[in-house]
Amino acid sequence: MATVQTIQVKKAQPKLKTAEEGLKEFMPEGMRRAPKRPVEIGIRLFAYLARQKLRGRKRFPLVTMLEPLEACNLTCEGCGRIREYEPVIHRMLTVEEALAAVEASGAPIVSIAGGEPTMYPHLPELINELVRRKYFVYCCTNGILLGKMMEQIPPSKYLSWVIHLDGMEEKHDVSVARRGVFRIAMRAAKKALERGYRVCSNTTLFRGADKKDLHQLFDLVTKMGFEGIMISAGYDFAMAPDQEMFLKRKESNALFQDLLDDESIRQFRFYNNPLYLDFLKGRRHYQCTAYSNPTYTIQGWRVPCYPLADRHTQDVNEIFKPELWDHYGPGKNPKCANCMMHCGFESATIFGALSNPKDMVVMAKGIIAGKSGVGAS
Ligand code: SF4
Ligand code: SF4
């Protein structure tokens, strides 16, 4: 189990356990209407998919995962990145390298991850330029430095902050192994919503996930005006110190059924599309299409995918080669056995819906209801 360090605790405060308690402290003020996911994303994504089909491309990217640095101001137990890139943790991409990777991939959506992107000193320059070029940018953050970033990056319909939240205060602070982080992240979310930014949350489930606590979190962020909740099971990174925390595929299915089959779930605003939520529950089966989210790091493009790097390459086109995918995916590689990540399977639901009218209708309904999206990680 994770141990919790203590930082910035001026005086003991009762832990926030319910959405009502959280709302008293974090409900945005003076916000006329919660920023919504722009319709333009759906239209641009659809046009992009049609262009790729017309070109006869079978494997192509939907989201470029960009990791300008791998350093972080936290040391979460379930994090692979800070361990995997430990030898190069001091290095970072230049803005030119980052932009060149985005152009080389060609996907209309860019998810900036890491490491903690807000520690990247050139983040304002990078995001402002991507927004100027009309990429849809999702910046994944633990929220600690988000307040500072907002001074330098104006709100835009092309930008969404994606805040890592694994539970209400007690659970989240254990998950990130540091006390106080939940309150810091939620204060930043409140400020971001008040200033007109789009804000999403990203929750990773590990063994011991608490349904009641997660429902409180989902209730809280929905009422605060978050654009959507992204959820997934944690990938079992081989270098993580506690392997017991990771769920096996069947365990994930049972947990997601318990979490998502509840009637109360209808009131929460999920960002993941309904087909992917069914996949998490084990009611749909897909083969991995993680070539949809090529991931660029200080060492190059990860091969094959965002969670797993058997090697790196400087040529993004290697990731789209069919022979690579003979070796990866559930049933093909033991490292993929328990993986249910957005990058591999939410994209699979989108590709699958393109050739299945019924699924396309389910997806379209999700888009109209403002729920379907492309997961940011
Ligand atoms: S906040 Fe993200 S990058 Fe940082 S240690 Fe935790 S999981 Fe890793
Ligand atoms: S199933 Fe796909 S996304 Fe998951 S580790 Fe394997 S190749 Fe990567």
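Which residues come nearest to ligand 1? Let's start there, and hello everyone. Please keep in mind that what you have in front of you is a predicted model. Around ligand 1 there are 13 residues, and those that come nearest are C72, L74, C76, C79 and N142. If you sort that shell by class, you get six nonpolar, five polar and two charged residues.

Now please move over to ligand 2. This one is surrounded by 15 residues, with C288, C305, C336, C339 and G344 the closest. Its shell is made up of twelve nonpolar residues, two polar ones and one charged.

Next, the core. In soluble globular proteins, nonpolar side chains tend to be buried together. Here, the largest nonpolar core has 103 residues, and V137, A189, V199 and I229 have the most contacts inside it. Which helix gives the most to this core? That is α8, residues 181–194, with eight residues.

Let's stay with α8 for a moment. The helix has 14 residues, and from its first C-alpha to its last it reaches 20 Å, close to the 20 Å expected at 1.5 Å a residue. Its buried residues are V181, F182, R183, A185, M186, A188, A189, A192 and L193. You have already met A189 as one of the residues with the most contacts inside the core. Setting aside neighbours within four places in sequence, A189 is in contact with F26, G143, I163, V199 and M224. After α8 comes G196, and its phi is positive, near 95 degrees.

M224, one of those contacts of A189, takes us to helix α9, where M224 is among the buried residues. The others buried there are L214, Q216, L217, F218, L220 and V221. A helix like this has a simple rhythm: an α-helix has 3.6 residues a turn, so residues three or four places apart point the same way. What do the buried residues of α9 pack against? The list is α1 (19–26), α8, β7 (198–205), β8 (228–233) and α10 (249–260). As for length, the 14 residues of α9 should span 20 Å at 1.5 Å a residue, and the end C-alpha atoms are indeed 20 Å apart. α9 is followed by G225, another glycine with a positive phi, near 105 degrees.

On to a pair of strands. β10 (residues 300–304) and β11 (residues 309–313) run antiparallel and are joined by four bridges. A hairpin of four residues links β10 to β11, and P304 stands opposite A309 in β11.

Between β11 and α12 there is a loop, and F320 is found in it. Is F320 buried or partly exposed? With 16 other C-beta atoms within 10 Å, F320 is partly exposed. Not counting residues up to four places away in sequence, F320 touches R59, F60 and Y291. F320 and T289 are 31 residues apart in sequence, and their C-alpha atoms are 9.8 Å apart in space.

Last stop: α12, residues 342–354. This helix has 13 residues and reaches 17 Å from first C-alpha to last, close to the expected 18 Å. Why can we call α12 largely enclosed by the rest of the structure? Because ten of its 13 residues are buried. Among them are H342, C343, G344, F345 and E346. Remember that G344 is also one of the closest residues to ligand 2. What covers the buried residues of α12 includes β8, α11 (274–280) and α13 (357–368). Thanks for listening!

Conventions: Residues are numbered from 1 along each chain as its sequence is written. Chains are lettered from A and ligands numbered from 1 in the order in which they are written. This is a predicted model: local features need pLDDT of at least 70, side-chain atom pairs count only at pLDDT 80 or more; totals for chains, interfaces and linings use all residues. A residue is near a molecule or strand if its C-beta atom, placed from the backbone, lies within 6 Å of it. Ala, Val, Leu, Ile, Met, Phe, Trp, Tyr, Cys and Pro count as nonpolar, Asp, Glu, Lys and Arg as charged, and the others, Gly among them, as polar. A nonpolar core is a set of buried Ala, Val, Leu, Ile, Met, Phe, Trp, Tyr and Cys residues joined through C-beta atoms within 7 Å. A residue is buried if 20 or more other C-beta atoms lie within 10 Å of its own, exposed if 12 or fewer, and partly exposed in between; C-beta atoms are placed from the backbone. Helices (H or I, at least four residues) and strands (E, at least two) are DSSP runs, numbered from the N terminus. Two residues are in contact if their C-beta atoms, placed from the backbone, lie within 7 Å. The expected span of a helix is 1.5 Å times one less than its number of residues. Two strands pair if DSSP finds at least two bridges between them.
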